[in-house]
Amino acid sequence: MIRDGWIEVAIDELLTDNGVFHDGDWIESKDQDPNGDVRLIQLADIGDGKFLDKSKRYLTTMKAKELNCTFLQEGDILVARMPYPLGRATLFPLKGEHKYITVVDVAIIRLNKDFVIPAYFKYNLNSPISRHKIEKLKSGTTRKRISRKNLSNIRFSFAPLPEQRAIVAKIEELFSELDSGIDSLKKAKDQLEVYRQAVLKSAFEGRLTHSEVEGWQRTSFNKLIKNISISKNKVKQRDYLLEGKYPVIDQGQELIGGYIDNEEKVVECNLPVIVFGDHTKTVKYVNFEFAPGGDGTKIFETERGIRTKYLYYLILFLSKKIKDRGYARHYQYLKKEKILLAPLPDQEEIIKEIESRLSVCENIEANIDEALEKSEALRQSVLKKAFEGKLLSNEELEACKQEDDWEPAEKLLKRIKETKKEAKNNVK
């Protein structure tokens with residue numbers, strides 16, 4: 001139930017004569033120019049409430065005007081019509097006239113700041129209440145999206161102007177405290193990664209065993225592995241099931257992309273194996289029957305006399321070195337690495353020592369991840385309360401009502417419509 005003095009509105013109802021609510025522009029590769037002076041803002045720039053500032057694509061002013069592009073203004077609300085997450089919104093923070101445009105999968109909302117606080121509407125879009133409405137209206141098969149038309153059908157809670165200001169101030173105060181805690185947790189996680197690499201470095205430089213490294217064999221990484229052909233076993237993403245007998249190992253960041261029940265697609269190999277996602281630089285130790293998916297996925301067994309888990313930890317160690325060198329094709333360079341291979345008894349000891357040390361690391365990391373999840377849940381709880389009208393205390397609400405520009409949202413909406421009508425009459 002909506003709180004007293006609030007109403008529900010669609011985006012179009014909040015626009016005045018100079019307002020904007022439409023998609024970005026259809027910009028093809030042939031339209032772009034690395035030496036252009038107009039930057040193309042992309043989906044990668046649109047974070048969940050934050051502008052990520054990642055893209056580096058451009059076109060000329062002449063081409064942008066020829067294509068009749070909409071130039072962005074500081075304070076515009078940009079809404080990603082594709083995941084992840086779907087419908088995430090941010091304020092555009094960059095200054096400059098005729099300097100920025102955006103892609104067609106980003107919706108642009110430009111509101112009159114005399115009636116709507118842009119940050120209020122950004123947070124409203126990112127709230128669980130709005131996300132639920134967006135999810136119900138998404139469309140598409142492989143890549144889900146929200147059309148601008150469907151976005152225009154969603155009704156959002158709309159508060160009096162002083163309450164909008166107070167809600168934004170309260171959210172940002174609470175988020176500032178949350179962000180501080182999250183930064184500390186992420187720094188701790190980074191320190192764990194440094195420790196993890198130090199353990200691996202010690203292991204493969206012979207400092208975790210009692211034997212001398214002089215007895216280790218110098219060889220190339222490529223001689224330690226045996227590739228497994230998976231061309232006939234590959235599963236297309238459209239065939240993934242949410243549940244099934246066999247997991248599909250995908251090249252993405254997650255180990256399991258989906259499931260299948262088709263035994264013919266299960267790869268034949270001697271478990272355990274190592275799965276390498278070349279495109280995403282991920283490596284996994286796998287000890288169960290599975291089917292492969294994804295064009296960049298590679299699967300290999302270890303040669304005789306080599307423990308698979310030993311090689312797995314070695315890859316984790318070498319991967320960091322390769323990444324630091326800036327290699328683009330991870331696996332291709334990994335094959336060429338020269339290494340010192342420990343004798344089998346030392347391999348067993350190294351695995352034991354690594355796992356003993358890293359188990360402590362993993363427990364701490366699990367606690368950090370749990371704390372990060374709780375932080376995100378708390379963030380969503382704050383937004384939910386805000387747009388249910390429950391975030392401000394009675395004292396804070398009373399203070400809002402004492403503001404000179406306080407009026408029920410219904411009257412505020414009426415003034416928006418009158419402003420729009422007057423602007424049309426003036427044009428006539």
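Here are a few questions and answers on backbone oddities in this predicted model.

User: Which residue does a cis peptide bond join to Y84, and in which loop does that residue lie?
Analyst: Omega for this bond is about -5°. The bond joins Y84 to P85. As for the place, P85 sits in the loop between β5 (77-80) and β6 (89-91).

User: What's omega for the cis bond between L271 and P272?
Analyst: Start with the spot: P272 is in the loop that runs between β13 (256-260) and β14 (273-277). The peptide bond joining L271 to P272 is cis, and its omega is about 0°.

User: N68 isn't a glycine but has a positive phi; is N68 buried or exposed?
Analyst: Phi there is about 55°. N68 belongs to the loop between α1 (61-66) and β5. Its relative accessibility is 64%, and the cut-off for exposed is over 50%, so N68 counts as exposed.

User: Where is H98, and what is its phi?
Analyst: Look in the loop between β6 and β7 (100-102), where H98 lies. H98 is a residue other than glycine, yet its phi is positive, near 55°.

User: And which exposure class does H98 get?
Analyst: H98 has a relative accessible area of 34%. Buried would need under 20% and exposed over 50%, with partly exposed in between. The 34% therefore puts H98 in the class partly exposed.

Conventions:
Residues numbered from 1 in each chain as written. Predicted model: local features only at pLDDT ≥ 70, side-chain atom pairs only at ≥ 80, totals over all residues. Heavy atoms only, no water. Helix = DSSP H or I, 4+ residues; strand = E, 2+ residues; numbered from the N terminus. Buried < 20%, exposed > 50% of the residue type's maximum accessible area, 1.4 Å probe, protein only.
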